[in-house]
Amino acid sequence: MNKHLSVTLCLLLFVLVGRAQILTLDSCRRLAVSNSKTIKMAQEKINVAGYDRKAAQSLYFPALDFNAMYLHNQHNISLFGSSNLLPAAISSLLTFDVRNVYAGALTLTQPIFMGGKIMTLNRIADRAGKIATYEYEKTLQNIVYEVDEAYWTVVSLQSKCTLADSYVSLLDTLSFNVNEMYLQGVATRSDCLSVEVKSSEARLAQLKANNGLSLAKMALAQLCGFEITDNFEIADNLSQEDELNIMANSVDMESIYDKRPDIRALSEVVDLSRQNERLALSDMLPKLVVVGAYTFTNPNLINGFENRFGGGFSVGATLSIPLWHWGGNYNKLRSAKAQTAVSRLVLEDAEEMVELQVRQAELRFKEAESAVMIANKNLSLAEENMRNANIGFEEGVIAVDVVLAAHAAWRQAKTEALDSHIALRLGALYLQKVMGEVLDDR
């Protein structure tokens, strides 16, 4: 209830206020989950499994059925043929009117022993419900991962747009100073042209960064379920002081398997296959059913032959023992056992793949951590180099080309720093995904 309320408030705020809204990661997640048709389909599958479970539980209880029949016959029934030498009066007494026959039965059936089939069907329904739940969790994790990835991509591109703006402003200031020096005769026309060329390149990069940001926002808007033309801003930003401590000293794969809904679903599939074995075995076992019924007919023979409804109660039991079906039931059991073996191999293969994903994600995250430290150090050096170049240029001891090179080096170092930080963030996100912890901070 709270989730739907928060989503509604977000949407109302989005519609009622015309200016750009500030979206947090959590609000984007909630909007995406609320508007995802995939999530809704997964939820409906859970509902289907719930109905199947109730249907299986009903098999434990007696079944009450009513059946009715009407039959029209062309002839009556006579105990003696026309050739008998009996008086017509006596012959007519022995003729029964069965041209219109009515019959009905109210039957109560209670299974006593069905070879374990009913219990197995309930277990199968229970496993199917768990599988549907795990599939829902898997879908939820995938959607949250996609939203997080799109969100941090927007954050990254916003930072690059800010960098592009700063670089353009930096070159505009340098262009103004060089033009003033040219008018004073202390700079050459070539110096002015060099700065203008770099300024043009910077504006082109600025345009590309803004276009990239617009496309990334469209992708995020599509995931969140609102118009791609809606205006919004992101609350987070990339910081050089980002620290993501999500690594454990040792990775417990069994714990990860337990957190991964896809692995848990495959485990249930293996158990479901075992239940199918028991279901196949139940066809080879005896079955005992108790039946109680009230039947009535018209005409009836309860007290002679009467053309009116009459009936009575009856109680009985049926026992069915399979004897010989040319190996049909036995081969069904063998087929179910083979399917269990296949399901077990699929689970083992998936577990091996998950372990590989975790190890690769660990390396990716550690590499991103190292890249962040190196990029931050390079950025500090580039900033110091640019500062010295600017001072030297102002004092007239450093040429324009050197200043431009220092500015370009700073921009490159800053870009690499931003890329390393977003790689760290996305690396942490991917590691959380493969470890089944994407939703832990929700």
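**Figure 1. Helix α6 from end to end, in a predicted model.** Count along α6 and you get 36 residues, which at 1.5 Å a residue should span 52 Å; the end C-alpha atoms sit 52 Å apart, so expectation and model agree. The helix takes in residues 189-224. Right after α6 comes Gly225, a residue with a positive phi, near 90°.

**Figure 2. A close look at Ala221 in α6.** Is this alanine buried or exposed? Ala221 has a relative accessible area of 0%, and because buried means under 20%, Ala221 counts as buried. Leaving aside residues up to four places away in sequence, Ala221 touches Phe226, Glu227, Ile228 and Phe232. Have a look at Val147 too: Ala221 and Val147 are 74 residues apart along the chain, yet their C-alpha atoms are separated by 9.6 Å.

**Figure 3. Where α6 meets α10.** Two packed helices are described by the angle between their axes and the distance between the axes. For α6 and α10 (residues 400-434), the axes come within 10 Å and cross at roughly 15°. Angles under 35 degrees count as roughly parallel, so that is the label for α6 and α10. Their crossing is left-handed. On the α6 side, the residues in contact are Asp191, Ser194, Val195, Lys198 and Ala205; facing them from α10 are Val400, Asp401, Leu404 and Arg411. Sorted by class, the contact of α6 with α10 comes out as four nonpolar, one polar and four charged residues.

**Figure 4. Where α2 meets α5.** Here helix α2 (residues 25-35) goes past helix α5 (residues 117-183), with axes that come within 9 Å and cross at roughly 135°. What do we call that arrangement? The two helices are oblique to each other, because 135° falls in none of the ranges for roughly parallel, antiparallel or perpendicular. The crossing of α2 past α5 is right-handed. From α2, the contact uses Leu25, Cys28, Arg29, Ala32 and Val33. From α5 come Leu140, Ile143, Val144, Val147, Asp148, Tyr151 and Trp152. By class, this contact has 10 nonpolar residues, no polar ones and two charged ones. Val147, part of this contact, is also the residue whose C-alpha is 9.6 Å from that of Ala221.

**Figure 5. The cis peptide bond at Pro299.** Zoom in on the bond joining Asn298 and Pro299: this peptide is cis, with omega about 5°. Where does Pro299 sit? Pro299 belongs to the loop between β7 (287-298) and β8 (310-320).

**Figure 6. Trp326 in the loop between β8 and α9.** Trp326 is not a glycine, but its phi is positive all the same, about 55°. The relative accessible area of Trp326 is 74%, and because exposed means over 50%, Trp326 counts as exposed.

**Figure 7. Helix α9, 67 residues in one run.** Helix α9 covers residues 328-394 and reaches 95 Å from its first C-alpha to its last, close to the 99 Å expected at 1.5 Å a residue. Following α9 is Gly396, with a positive phi near 80°.

**Figure 8. Stepping back to the protein chain.** How many helices and strands are there? The chain holds 10 helices and eight strands. Of its 442 residues, 35% count as buried. Among contacts with a separation of 6 or more, 82% come from residues 24 or more positions apart.

How values were computed:
Residues numbered from 1 in each chain as written. Predicted model: local features only at pLDDT ≥ 70, side-chain atom pairs only at ≥ 80, totals over all residues. Heavy atoms only, no water. Axes fitted to C-alpha atoms, helices over the stretch in contact; angles between N-to-C directions. Helix = DSSP H or I, 4+ residues; strand = E, 2+ residues; numbered from the N terminus. Parallel < 35°, antiparallel > 145°, perpendicular 65-115°, else oblique. Left-handed = near helix turned anticlockwise from the far one by under 90°. Contact = heavy atoms within 4.5 Å. Nonpolar A, V, L, I, M, F, W, Y, C, P; charged D, E, K, R; others polar. Expected span 1.5 Å × (residues − 1). Buried < 20%, exposed > 50% of the residue type's maximum accessible area, 1.4 Å probe, protein only.
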